[in-house]
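Visitor: I've got a few minutes before my gel is done. Could you walk me through this one?

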Amino acid sequence: MVVLERFEGDIAVLETDSGMQDISRKELPLEVKEGDILVLTSRGYCVDNNATQARRAKLLARTRKLKKK
């Protein structure tokens, strides 16, 4: 899995299964946001909207559960 961790100027920091990776922000789609899950295709990176929404829902549920404690 590849997740866009953050932007640092013109650099995008990706969290991958093998560690952190820096790439040019220009290599990503314009609509990409921090926390999006990315898929590398023959045309470059694209956002996996279904996986991103599922991950965000899971994290939101976990946060709500922690706030109840």
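Visitor: Leaving aside its neighbours within four places in sequence, which residues is threonine 52 in contact with?

Guide: Keep in mind that this is a predicted model. Contact here means heavy atoms within 4.5 Å. With neighbours within four places in sequence set aside, the partners of threonine 52 are Gly35, Asp36, Ile37 and Val47.

Visitor: Is threonine 52 buried or exposed?

Guide: The cut-off for buried is under 20% relative accessible area. Threonine 52 comes in at 2%, so that residue counts as buried.

Visitor: Which backbone atom does the side chain of threonine 52 reach?

Guide: A polar contact needs a pair of N or O atoms within 3.5 Å. The side chain of threonine 52 has a partner at 2.8 Å, and that partner is the backbone nitrogen of isoleucine 37.

Visitor: And where does threonine 52 sit in the fold?

Guide: Let's go from the whole chain down to the residue. The protein has one helix and five strands, and the order along the sequence is β-β-β-β-β-α. Threonine 52 lies within residues 49-68, and that stretch is helix α1.

Visitor: What share of the protein's residues count as buried?

Guide: We already met one of them, threonine 52. Taking the 69 residues of the protein together, the buried share is 29%.

Visitor: How far apart are the mean positions of the positive and negative charges?

Guide: Lys and Arg are the positives, Asp and Glu the negatives. There are 14 positive and 11 negative charges, and their mean positions are separated by 12 Å.

Terms used. Residues numbered from 1 in each chain as written. Predicted model: local features only at pLDDT ≥ 70, side-chain atom pairs only at ≥ 80, totals over all residues. Heavy atoms only, no water. Helix = DSSP H or I, 4+ residues; strand = E, 2+ residues; numbered from the N terminus. Buried < 20%, exposed > 50% of the residue type's maximum accessible area, 1.4 Å probe, protein only. Polar contact = N/O pair within 3.5 Å; in protein donor to acceptor, adjacent residues only side chain to side chain. Charge placed at Lys NZ, Arg CZ, Asp CG, Glu CD.
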